[in-house]
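User: Could you take a close look at one strand and its surroundings for me? I would love a connected walk through its partners and the loop that leads into it.

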Amino acid sequence: MSKSAQISSEGLRSWQEINQHAEQNTLSPAARRNRLVRWAGWSATVFTGLLFLLLSVWAVRSSHAAPVRGADGPLVLPLAKVQFTTDGVLTEAWVRDFLHLNAGDPLEKIDVFALREKLLDTKQVSEALIERLRPATLHIALKERHPVLRVAVDNGAGGYKLYLVARDGTVFAGLDFPDIVLGQVPWMSGLALHRAKDGGGFDAVPGMDAVADLLKTARDRAPQIAAQWAVLDLSQFDPRPQAPLSLIKVPKSGDLGQLTFETGDFSLSADDRLKLLATQVDRLTFAAHTVQDKALLVSGLDMSIPNQVVVRLLAAPSSTRRLR
């Protein structure tokens with residue numbers, strides 16, 4: 001066999017014996033880097049878009065409460081909440097409206113001292129505490145005056161304006177009082193109000209603590225009788241120390257007619273005055289039962305004389321009967 005035939009039969013292979021599966025081409029380092037850069041860019045674009053969308057939604061929902069920068073640079077927090085308490089009838093809604101407070105107002109720009117003075121100027125508010133509580137709350141705590149008497153003042157236009165008199169004598173326009181509350185406050189008669197020299201309302205009425213003590217004592221010890229008191233006559237009321245006589249009259253108290261009480265000397269201590277008034281109210285209760293039991297028609301009961309009650313009979317106006 002020739003050499004060429006030997007090679008053909010032993011050293012050469014046919015095309016069928018060659019592996020037909022070529023290995024996958026491997027990327028060069030530069031190609032891999034370019035591919036990663038493209039993927040990273042696309043991912044960053046999608047992430048940025050989603051983040052922008054979420055931030056936009058959040059900003060719309062909370063823009064009214066978001067901190068903003070003031071003109072001078074420092075961070076200004078907007079008002080988000082009013083924390084309100086009072087011992088009277090004023091409401092948070094009334095206070096917000098009266099003080100022009102709105103959600104979103106810059107908290108640090110709110111002048112708490114000016115707001116306090118504005119509330120005290122109403123005279124209905126006796127004490128006011130206003131403070132900023134970070135991050136976004138305004139705390140308002142009030143103490144209010146409570147009415148002892150009502151008084152009608154001529155408004156110069158054929159009508160009248162209602163004012164209230166507190167225990168300390170302060171005269172104020174009743175703000176936000178329900179009609180049911182005002183209906184339980186007696187009218188004051190026989191005593192004139194005096195305009196304040198500064199033009200800001202009226203001077204305080206002296207001696208109102210004694211009137212308040214009589215009303216409270218009567219409501220506690222003789223509630224059914226006190227509930228009929230619509231008017232108190234203070235024409236003979238004299239709150240000066242060492243005054244010779246100081247009377248409080250109830251012009252009409254149901255079937256008992258006119259009632260008369262003595263406040264005592266205004267140099268008395270508060271405790272001694274309370275005892276004096278309590279004694280008179282107890283005598284009134286006793287006399288009222290006696291009048292009812294005996295079916296007496298009376299025009300009045302006078303408790304101002306110590307240790308007795310003067311009963312004025314309606315049948316004979318000049319006649320009186322003393323109950324001891």
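Analyst: In this predicted model, β13 and β14 form a hairpin, with six residues lying between the two strands. Within that turn, Asn307 has a positive phi of about 65°. The hairpin strands run antiparallel, and four bridges join β13 to β14 (residues 309-313). One residue to look at here is Asp302, whose bridge partner in β14 is Val310.

Asp302 also has a partner in another strand: Thr260 is bridged to Asp302 of β13. That contact belongs to the pairing of β13 with β12 (residues 258-262), which is parallel and has three bridges. So β13 pairs with β12 in the parallel sense and with β14 in the antiparallel sense, given that two strands count as paired when at least two bridges are found between them.

As for covering, β13 is mostly shielded, with four of its five residues buried.

Now for the way in. β12, α8 and β13 together make a β-α-β unit, and this unit is left-handed. Between α8 (270-293) and β13 (298-302) comes a loop that holds Ala295. Ala295 is not a glycine, yet its phi is positive, near 55°. Ala295 counts as exposed because its relative accessibility is 62%, and the cut-off for exposed is over 50%.

To sum up the path, the loop with Ala295 leads from α8 to β13, and the hairpin then links β13 to β14.

Notes: Residues are numbered from 1 along each chain as its sequence is written. This is a predicted model: local features need pLDDT of at least 70, side-chain atom pairs count only at pLDDT 80 or more; totals for chains, interfaces and linings use all residues. Side-chain values use heavy atoms; hydrogens and water are left out. Buried means under 20% relative accessible area, exposed over 50%, partly exposed in between (1.4 Å probe, protein chains only). A crossover is right-handed if, with the strands pointing away from the viewer, the path from the first strand over the helix to the second runs clockwise.
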